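This report describes a small sheet, the helices that pack on it, and one helix in closer detail. The sequence and the model are shown first.

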Amino acid sequence: MKEEISIPDIKTGGVYALINRNTGRMYIGETEDIRRRCKAHINLLKSGKHNNSELQNDYNNNYPFEIIVLSEITGRCNSEKRLCAEDYYIECFRRRGIKLYNSENDKNTKESFFILASRNDASINNVIKMINT
């Protein structure tokens, strides 16, 4: 029996991570409604129709997953901020050797933005500690 994935009770926008608790591999996403988007991910996984075949395969093989909110970004007009934050987190985790389900081509902003990803970000370090325990 598959373990239920807990859905964050956050209806604002932001960036989230869907984390494979066995491998530490993550999918990073952004949305204007975190709760709604996470429900959509779970429904797609349960129905076997998630567009990320590697994520779907791991779910089908009963790997446990959890969702965490990396950053809340409120307001519908903040889609560019959410896209930049998503890129930031993707690049931060990649630079630290964390495997992602996201495609190598998942970039929303200009390459120069990624200089920020080399910073020592406490939230990134906390997530890395969590997946390594």
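## The sheet and its helices

Strands β1 and β2 pair in the antiparallel sense, and 6 bridges join them. Within this predicted model, Y16 stands opposite G29 of β2.

The sheet as a whole is open and has 3 strands, in the order β2-β1-β3 with antiparallel pairing. Its edge strands are β2 and β3, each of which pairs on one side only. On average, neighbouring strands of the sheet are turned by 20° against each other, direction ignored.

Helices α2 and α3 pack on the sheet, as set out below.

| Helix | Strands touched | Angle between directions |
|---|---|---|
| α2 (residues 53-60) | β1, β2 and β3 | about 135° with β3 |
| α3 (residues 79-95) | β1, β2 and β3 | about 170° with β2 |

## Helix α2

The buried residues of α2 are L55, Q56, D58 and Y59. Seen down the helix axis, the buried residues of α2 fall within an arc of 165°, so they line one face of the helix. They pack against β1, β2 (26-31), α1 (34-47) and β3 (65-72). The surroundings of this buried face thus include a helix, α1, as well as the strands β1, β2 and β3.

The N-terminal end of α2 is capped by N52, with a side-chain oxygen 3.3 Å from the backbone nitrogen of E54.

At the other side of the helix, just after α2, N62 takes a positive phi of about 65°. N62 belongs to the loop between α2 and β3. Most residues other than glycine have a negative phi. N62 is not a glycine, yet its phi is positive.

## Residue N20

Is N20, a residue of strand β1, buried or exposed? The relative accessibility of N20 is 0%, and therefore N20 counts as buried. The strand that holds N20, β1, spans residues 14-20.

Not counting residues up to four places away in sequence, N20 touches R25, D58, Y63, P64, F65 and Y101. One of these contacts, D58, is also among the buried residues of α2. The contact between N20 and D58 therefore belongs to the packing of the buried residues of α2 against β1, given that N20 lies in β1 and that the buried residues of α2 line one face of the helix.

Conventions: Residues numbered from 1 in each chain as written. Predicted model: local features only at pLDDT ≥ 70, side-chain atom pairs only at ≥ 80, totals over all residues. Heavy atoms only, no water. Helix = DSSP H or I, 4+ residues; strand = E, 2+ residues; numbered from the N terminus. Buried < 20%, exposed > 50% of the residue type's maximum accessible area, 1.4 Å probe, protein only. Contact = heavy atoms within 4.5 Å. Arc of directions from axis to C-beta. Polar contact = N/O pair within 3.5 Å; in protein donor to acceptor, adjacent residues only side chain to side chain. Pairing = 2+ DSSP bridges. Axes fitted to C-alpha atoms, helices over the stretch in contact; angles between N-to-C directions.
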